[in-house]
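Thank you for making the time this morning. I would like to walk you through one model, beginning with its metal site and then moving along the chain, so please keep the picture in view as I talk.

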Amino acid sequence: MAASNKCPVWCDQRHPDGAVHRGEVGETTVSGLRIPVVILQVPGGPADVAISGPVYVEIHADDRDDMAELLGLAGQHALAGLVRQADALARGGAQ
Ligand SMILES: [Zn+2]
């Protein structure tokens, strides 16, 4: 087997080689709704951080700090922390 796609440390899926890596960093509740923060990565591509759940917002790597700041300003400190945690994991996993 040639280039095997070893999963990044944050991937929590059991999947065949070549499938998208996905890891849930954590979740919080906003207005009674479950909001998970996830990392997704097409093998060979960059690791993307997204807020999931009832909405789906992919956060550009350059915008994660600002998004976390905005969420903190909005009082969503748990969600802000998850975005920061996901950013750190995604950057580490991209090496
Ligand atoms: Zn994986």
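Let me begin with a definition: by donors I mean N, O and S atoms within 2.8 Å of the metal, or 3.2 Å for Na, K and Ca, and since water is not among the atoms, sites may look incomplete. What you are looking at is a predicted model, in which local features need pLDDT of at least 70 and side-chain atom pairs count only at pLDDT 80 or more, while totals for chains, interfaces and linings use all residues. Residues are numbered from 1 along each chain as its sequence is written, and side-chain values use heavy atoms, with hydrogens and water left out.

With that in place, the zinc ion is coordinated at 2.0 to 2.3 Å by C7 through SG, C11 through SG, H15 through NE2 and H21 through ND1. The 4 donor atoms subtend angles of 98 to 125 degrees around the zinc ion, and the arrangement is therefore tetrahedral, a label given to four donors if all angles lie between 85 and 135 degrees. Written as a sequence pattern, the donor residues are spaced C-x3-C-x3-H-x5-H. Within that set, C7 and H21 link distant parts of the chain, since C7 lies in the segment before β1 and H21 in strand β1, 14 residues apart.

How covered are these donors? I call a residue buried under 20% relative accessible area, exposed over 50%, and partly exposed in between, using a 1.4 Å probe and protein chains only. On that scale H21 is buried, at 3%, and C11 is buried too, at 13%, whereas C7, at 31%, counts as partly exposed. As for disulfides, meaning pairs of cysteine sulfur atoms within 2.5 Å, a search of the whole structure finds 0.

From H21 we can step into the strands. Helices (H or I, at least four residues) and strands (E, at least two) are DSSP runs numbered from the N terminus, and two strands pair if DSSP finds at least two bridges between them. Strand β1, residues 21-30, pairs with β2, residues 33-41, in the antiparallel sense over 9 bridges, and the zinc donor H21 has Q41 in β2 as its bridge partner. The hairpin of β1 and β2 has 2 residues between the strands, and S31 there takes a positive phi near 50 degrees.

Strand β2 also pairs with β3, residues 47-51, again antiparallel, over 5 bridges, with I39 partnered by V49 and L40 by D48. In the turn of this hairpin, which has 5 residues between the strands, G44 has a positive phi of about 90 degrees. Of the 5 residues of β3, 4 are buried. Strand β3 is joined in turn to β4 by 3 bridges, running antiparallel, and V49 has I59 in β4 as its bridge partner.

In the loop between β3 and β4 we find S52, which is buried at 14% relative accessible area. Leaving aside neighbours within four places in sequence, S52 is in contact, meaning heavy atoms within 4.5 Å, with I35, P36 and V38.

Finally, the buried residues of helix α1, residues 64-73, are R64, A68, L71 and G72. Seen down the axis of α1, these fall within an arc of 100 degrees, so they line one face of the helix, where the arc is that of the directions from the helix axis to the C-beta atoms. The face turned away from the buried side carries the exposed residues D66, L70 and L73.

Methods:
Four donors count as tetrahedral if all angles lie between 85 and 135 degrees; four count as square planar and six as octahedral if opposite donors are over 155 degrees apart and all others between 65 and 115; anything else is irregular.
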